[in-house]
Amino acid sequence: MLDSVVAGLTSGGVYALLGLCVVLTYRLVAVVNFAMAAVGAMGAFVMVTLTDAGLNVWLALPLGALAGGLVSALLGLGLVRWFGEHDLRTKAAVTVAVFVALMSVGLRLFGNNTSGARRFPQPFDAPAFTVGEVVVPQAVLVSLSFAVLITVGVGLLLGRTRAGLRLQALSERPATAQVVGIPAPRLALAVWVAIGAVSTLVIVLVAPRLGGDFSTLGNLVTTALAVAMVGAFSSLWLTLAGGLLLGCLEGVTASLEAVQQYRGVLPFLVMVALLWWRSRHQVWDSEANV
């Protein structure tokens, strides 16, 4: 069992990173971004296309991240320009439409899960240490370190810097923020670029384990949303913990023959359980206040 849990951490760090990207987009620009994983997959496939053409992986990686950042920037620019004053549901619906469009374009350009799987480079595949019979690759340490770094860094940025206060004002009252002199469009665009670049790096990290096809990678948004729901789209630390928990659960179910074929539904079960628990909690609170 311990070996399965440790193996699950390989995915858990990446799931935490995906969830953090969702939470940060929500907290900083007030958008639930359903297109995030598809944007990251676009950047990742640009990167792997360049490596297939003979470009060094360490040169192709920043170019792929730049491509993901640019696609994300286009999405953010459209939201800021045409939907800046719309409510959260409208913005989320726009990202769903963009997700469908990106998946269609990606499958057209890069093939489906049977004909379009690519061999992604694995620069962090070397073993780091061994726990029991499980060899833990460097990718686990990289993903966990990256997730903790983002959690700590963003927490400090939002709570202790002027730029962080501006970003919080941008998400809560974008029109008011612009009136008082905060460059709201530029800040929002910078957030979108950063989220797109980070999403690309995360997708590149997880792609070798998931088969390297565009459809699978783009649909990781379901896992990202499940992890973000653990943190209620606000808590970075709970989101980090949720990603690790989901990875460990996946590792355990993979070792149990009776349920391993159903492990793909774990994100949905997590979302349903959380929605039920929070709805019950709200009912209890309302009854207690009567």
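This report walks through the fold of one protein chain, from its overall layout down to a few single residues.

## The big picture

First things first: what you see is a predicted model. The chain is built from twelve helices and two strands. If you read along the sequence, the order goes α-α-α-α-β-β-α-α-α-α-α-α-α-α, so have a go at tracing that pattern in the structure above, using the rule that helices and strands are numbered from the N terminus.

How much of the chain is tucked away? Of its 290 residues, 44% are buried. The accessible surface comes to about 14,600 Å², and carbon and sulfur atoms own 65% of that surface. There's also a lot of long-range contact here: take the contacts with a separation of 6 or more, and 74% of them link residues 24 or more positions apart.

## Cysteines and disulfides

A quick reminder: a disulfide is a covalent bond between the sulfur atoms of two cysteines. How many disulfides does this chain have? The count is zero, going by a cut-off of 2.5 Å between the sulfur atoms.

Two cysteines are worth finding anyway. Cys-21 has a relative accessible area of 2%, so it is buried. Cys-248 comes in at 16%, and because the limit for buried is under 20%, Cys-248 counts as buried too.

## Helix 2 and its two partners

Let's look at helix 2, which covers residues 36–52. It packs against helix 3 (residues 57–83) at an angle of about 150°, and the two axes are 7 Å apart. Are these two helices roughly parallel or roughly antiparallel? Angles over 145 degrees count as roughly antiparallel, so that is what helix 2 and helix 3 are. Their crossing is right-handed. On the helix 2 side, the contact is made by Val-39, Gly-43, Val-46, Met-47, Leu-50 and Thr-51. Helix 3 brings a longer set of names, including Ala-60, Gly-64, Ala-67, Gly-68, Val-71 and Ser-72.

Helix 2 also packs against helix 4 (residues 88–110), this time at an angle of about 20° with the axes 9 Å apart. Since angles under 35 degrees count as roughly parallel, helix 2 is roughly parallel to helix 4. This crossing is left-handed. Here Ala-38, Val-39, Met-42, Phe-45 and Thr-49 of helix 2 meet a group in helix 4 that includes Phe-99, Leu-102, Met-103 and Phe-110. Why might a helix use residues spaced like this? An α-helix has 3.6 residues a turn, so residues three or four places apart point the same way.

## A glycine among the helices

Now jump along to helix 8 (residues 184–210), where you'll find Gly-196. With a relative accessibility of 2%, Gly-196 is buried. What does Gly-196 touch, once you leave aside its neighbours within four places in sequence? The answer is Val-39, Gly-68, Gly-69 and Ser-72. Val-39, Gly-68 and Ser-72 should ring a bell, as they also take part in the contact between helix 2 and helix 3.

Val-71 is another one to look up. It sits 125 residues away from Gly-196 in sequence, yet their C-alpha atoms are 7.2 Å apart in space.

## Helix 10 and the loop after it

Helix 10 (residues 221–230) is mostly covered, with eight of its ten residues buried. Among them are Val-221, Leu-225, Val-227, Ala-228 and Met-229.

After helix 10 comes the loop that leads to helix 11 (236–255), and Ala-232 lies in it. Ala-232 has a positive phi of about 55°, although it is not a glycine. Phe-233, in that loop as well, has a positive phi of about 60° and is not a glycine either. Are they buried or exposed? Ala-232 is partly exposed, at 41% relative accessible area, whereas Phe-233 counts as buried at 17%.

## Into helix 11

Our last stop is Thr-239, in helix 11. Thr-239 is buried, with a relative accessible area of 0%. Leaving aside neighbours within four places in sequence, Thr-239 is in contact with Ala-16, Gly-19, Leu-20, Val-23, Val-227, Ala-228 and Gly-231. Two of those names, Val-227 and Ala-228, belong to the buried residues of helix 10.

Technical notes:
Residues numbered from 1 in each chain as written. Predicted model: local features only at pLDDT ≥ 70, side-chain atom pairs only at ≥ 80, totals over all residues. Heavy atoms only, no water. Helix = DSSP H or I, 4+ residues; strand = E, 2+ residues; numbered from the N terminus. Buried < 20%, exposed > 50% of the residue type's maximum accessible area, 1.4 Å probe, protein only. Contact = heavy atoms within 4.5 Å. Areas by Shrake-Rupley, 256 points an atom, 1.4 Å probe, with all protein chains shown as cover. Axes fitted to C-alpha atoms, helices over the stretch in contact; angles between N-to-C directions. Parallel < 35°, antiparallel > 145°, perpendicular 65-115°, else oblique. Left-handed = near helix turned anticlockwise from the far one by under 90°.
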